[in-house]
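Me: Let's go through this one together. I'd like to hear what stands behind each term.

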Amino acid sequence: MNYEELLAAKNEGKGNKIQQPIGCYYREQVEGKWCGVVDIRPDLNDNIVFVKALRNECEQNKNLTNHHQLHFTPVKEKNEVKRLELEKGNYQTFEQLLIENPAVVASKNFIENTLEALVEVTAYLHEQHIMHVCYSPRTVFARKGDNAVLLLNHGSFYQELNDQQSFYGDDACYVAPEVLNHGTIDERCDVYSIGKFMQSLCDQADLPLEYRAAIKKAVSEKPEDRFSTPEDMLKAIQKRRSMFKSALGVILGIVAALVCLGLYFDMTPESTPVEFVKPAPRQATDELIDDGFDPSELGVAADGDSLVVDEEAVKAAERDYQAKAEEIFRKKYEKEADRILSKIYNKDYMTTNEKKFLAESEATIDELMKVQSQLGSDAGLTPERAQVIASEIIERVSEQKKKSVGAGSHQNGIKK
């Protein structure tokens with residue numbers, strides 16, 4: 001007997017009953033296989049408006065093709081739908097998932113994947129002119145194994161019911177105010193409910209920073225203050241997440257650049273004054289060529305009675321000087337970058353929290369920038385050229401540091 005069978009046996013064959021707006025969901029054994037069942041609320045079956053709406057949803061459910069949509073078969077008694085038998089599958093409500101494994105919220109990409117799936121299936125439903133209306137941990141399902149999002153019944157089929165508050169019951173707090181007040185039901189009511197659902201997930205953990213502003217806007221009391229569609233809400237979150245990543249990358253890049261400047265100073269030997277003895281002037285001869293004078297050594301060429309500057313020779317000399325200056329800068333800056341970056345890339349420090357890491361990174365960036373400026377000036381490089389070389393060195397040193405302390409692994413990452 002497997003786990004599901006044991007669980008069902010413990011609950012007298014009907015395990016984990018969960019209240020849905022239209023009835024009670026549980027799992028039972030049908031023809032030797034376990035499947036989900038929804039018993040329709042008896043009080044609703046006495047309501048003609050509800051009976052008509054349920055039949056309409058049963059018909060349309062057959063044609064919904066999105067892979068996040070659960071399908072079901074109505075079971076009738078005396079031409080009245082008494083229950084729905086859900087398609088075969090291994091799934092549970094999010095309420096059950098969070099009870100059994102509350103730590104799942106903190107797992108990698110769980111929040112992101114859940115929201116993206118909700119937006120995808122909601123956009124599909126909106127194309128069919130269907131609103132889900134109530135996204136709660138009891139009405140949103142998750143497939144066991146990969147926690148893929150699944151939806152069952154949709155609230156817009158039942159918007160003609162007089163008492164919406166009673167229909168949604170304990171889940172009414174996930175429903176937009178205008179729905180409960182018999183106002184307009186459109187995409188914005190689903191924006192509100194998805195926002196409430198995401199807030200409920202993060203009761204188990206802190207809401208990621210990039211989600212906070214978007215979710216706050218999504219759950220605004222007034223529809224006009226929310227996002228127009230769930231897709232707009234998701235785009236706002238993704239844009240904010242991209243900005244955070246870019247900002248962190250810039251900080252790390254500057255940190256690396258400043259480290260390289262520090263290395264440059266460490267590698268530069270201290271200069272000592274040298275006294276030169278000026279040789280006595282030599283008597284010039286009448287004929288410079290006969291005296292062993294070679295114009296090409298000075299970057300000029302003889303042209304009859306005049307001398308012509310050899311521009312190519314001059315440019316070559318300038319390139320040689322530039323290459324030597326950059327070589328000196330690279331060596332000294334790389335040494336400084338290694339020294340400075342070692343302050344934040346070490347096993348003890350990389351396990352600290354993100355706030356402390358970013359604070360220390362700003363100080364490191366300032367130090368790297370000062371080193372870059374000084375070493376670039378000493379080497380005779382332009383600020384732009386010094387910045388390009390410094391950035392290359394910082395990136396390379398940073399990657400080496402990350403690998404050496406295992407910064408890329410989940411064991412030694414920066415704590416959020």
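**Strands, sheet and cavities**

Reply: Start with the hairpin of β4 and β5: two residues lie between the strands, and lysine 78 there takes a positive phi near 55°. This is a predicted model, where local features need pLDDT of at least 70, side-chain atom pairs count only at pLDDT 80 or more, and totals for chains, interfaces and linings use all residues. Residues are numbered from 1 along each chain as its sequence is written, and side-chain values use heavy atoms, leaving out hydrogens and water.

Me: What makes β4 and β5 a pair?

Reply: Pairing takes at least two bridges found by DSSP, and strands are DSSP runs of E, at least two residues, numbered from the N terminus. Six bridges join β4 (residues 72-77) to β5, so they pair, by that rule. They run antiparallel, and lysine 76 has valine 81 in β5 as its bridge partner.

Me: How do you know that β3 pairs with β5?

Reply: Three bridges link β3 (residues 33-40) and β5 (residues 80-86) in the antiparallel sense, so the cut-off is met here too. Aspartate 39 stands opposite arginine 83.

Me: Why are β6 and β8 called edge strands?

Reply: The open sheet has the order β6-β7-β8, with antiparallel pairing. β6 (91-93) and β8 (149-151) each pair on one side only. β7 (residues 140-143) is joined to β8 by three bridges, and alanine 142 has valine 149 in β8 as its bridge partner.

Notes
Helix = DSSP H or I, 4+ residues; strand = E, 2+ residues; numbered from the N terminus.
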